[in-house]
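Ready for some practice in reading a protein fold? Take a look at the picture, then try each exercise before you read its solution.

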Amino acid sequence: MLLAPPLDLPSATLPACPPPPPPLDPHRVVALVGENQELYPVTSASAVFGYQGREIPQHYSFRLCAERPGSLTTTLGAPIHVEHGLDALDTADTVVIASWTVAPTPAVLDAVAGVHARGGRMVAVCAGIFIPAALGLLDGRRASVHWDLAADLVARHPRIVPDDTVIYVDHGDVATAGASAATLDLCLHQVLQEHGASHAMRVGRQLAAGPHREGCQRQYPPLPTAGPMPDSLAPLLEWLLAHLSEPVTVEDMAAFSGVSPRTLTRQFADQLGVPPARWLLERRLAATRALLEDTDLPVETIAARVGLSSAVNLRRRFHAALNTTPAAYRRAFR
């Protein structure tokens, strides 16, 4: 049987589907960058505050600015082009300070001070802490600082209370993250504060991010020069999230990880800064908040779904953590 030759049809290029326009009055986030810029905190902030697809409401707009816009060097070895200068901060609602400078110029200080004076928010990552410090905004306040920068920060700004053990500290108007790896956590924390746990969890899932870390969790200190690196807790954490409704003890966690309960507790303290049971309770409370915001499920059902056993136990734990009741929280955020 003879086969007809294939039709020689011209190839067609499908038009790219443009993202929807941002809301009429989005929260304007501007990242301040500089020479020899580390890209991780910048891309982390853009991932949280940028476009996540049509299924997730877009509450933020995001762009970069620099004191001297144009081509800037990066630690990646490839330059980036920054279009906007410091005048971009004139209308910023949040400024993410990601540039590495311990001696900011007067022009930078004036521009960032203007954001704060208008009631804007400041998110300082790593050496970005030196800008709010120079403005006196951290005097008498605790701040998360990278351990490599702590001594220099105290020498220049002795009125700050540095903390090189936690991943971030948020005072509302000024938030600090000691290590660049905490940028994603701190930005998701801002989304949670402004738009609720449910929306923050949707953004985190869209990014395939790990479980959101609270600010009290620890930075990773320098590793010893000898001895094995501690095993990652990621498989256990993922297993716990998949079995949130089940009664899980520390002994169960230890058995899953193949270590003793004492070893597991030490690993949590070293890597997350909290005991295993505390970490699990925080995840259950986060899931409770999301269900209160997104559903009309009764408290008894939510308690069963998140592993808090009963409505009485859920209400007690919820009030102890948030100083409010599930019903009041639902009325405020539903």
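**Exercise 1: Strand partners**

Val96 stands opposite Val123 in β6. Keep in mind that this is a predicted model.

Task: Find out how β5 is paired with β6 and with β1.

Solution:
- Step 1. Start from the pair Val96 and Val123. The strands β5 and β6 run parallel, and 4 bridges link them.
- Step 2. Now turn to β1. It also runs parallel to β5, with 4 bridges joining the two. Here Val30 has Val95 as its bridge partner in β5.
- Step 3. Follow the chain from β5 to β6. Together with helix α2 (residues 106-117), these strands make a right-handed β-α-β unit.

**Exercise 2: The whole sheet**

Task: Write down the strand order and say which strands lie at the edges.

Solution:
- Step 1. The order is β2-β1-β5-β6-β10-β9, an open sheet of 6 strands with mixed pairing.
- Step 2. An edge strand pairs on one side only, and this holds for β2 (60-66) and β9 (168-170).
- Step 3. From one strand to the next, the twist averages 15 degrees.
- Step 4. Look at an antiparallel pair: β9 and β10 (residues 174-177) share 3 bridges. Within it, Asp170 is matched with Ala175 of β10.

**Exercise 3: Covering the sheet**

Task: Decide whether the side chains of β5 are buried or exposed on its two faces, and name helices that touch the sheet.

Solution:
- Step 1. Recall the cut-off: a residue is buried when its relative accessible area is under 20%.
- Step 2. On one side of β5, Thr94 and Val96 are buried; on the other, Val95 and Ile97 are buried too. Both faces are therefore covered, as buried means under 20% relative accessible area.
- Step 3. Helix α1 (residues 40-49) packs on the sheet and touches β1, β2, β5 and β6, its direction making about 155 degrees with that of β2.
- Step 4. Helix α5 (residues 183-206) lies across β1, β2, β5, β6, β9 and β10, at about 160 degrees to β6.

**Exercise 4: How far to trust it**

Task: Which stretches have a pLDDT below 50?

Solution:
- Step 1. Begin with the chain as a whole: the mean pLDDT is 83, and 85% of the residues score at least 70.
- Step 2. Residues 1-15 fall below 50, with 0 contacts beyond near neighbours in sequence.
- Step 3. Residues 215-230 are also below 50, but this stretch has 39 such contacts in the model.
- Step 4. Where pLDDT is low, predicted coordinates should not be read in detail.

Terms used. Residues numbered from 1 in each chain as written. Predicted model: local features only at pLDDT ≥ 70, side-chain atom pairs only at ≥ 80, totals over all residues. Heavy atoms only, no water. Pairing = 2+ DSSP bridges. Axes fitted to C-alpha atoms, helices over the stretch in contact; angles between N-to-C directions. Contact = heavy atoms within 4.5 Å. Buried < 20%, exposed > 50% of the residue type's maximum accessible area, 1.4 Å probe, protein only. Right-handed = clockwise from strand over helix to strand, strands pointing away. pLDDT = per-residue confidence, 0-100.
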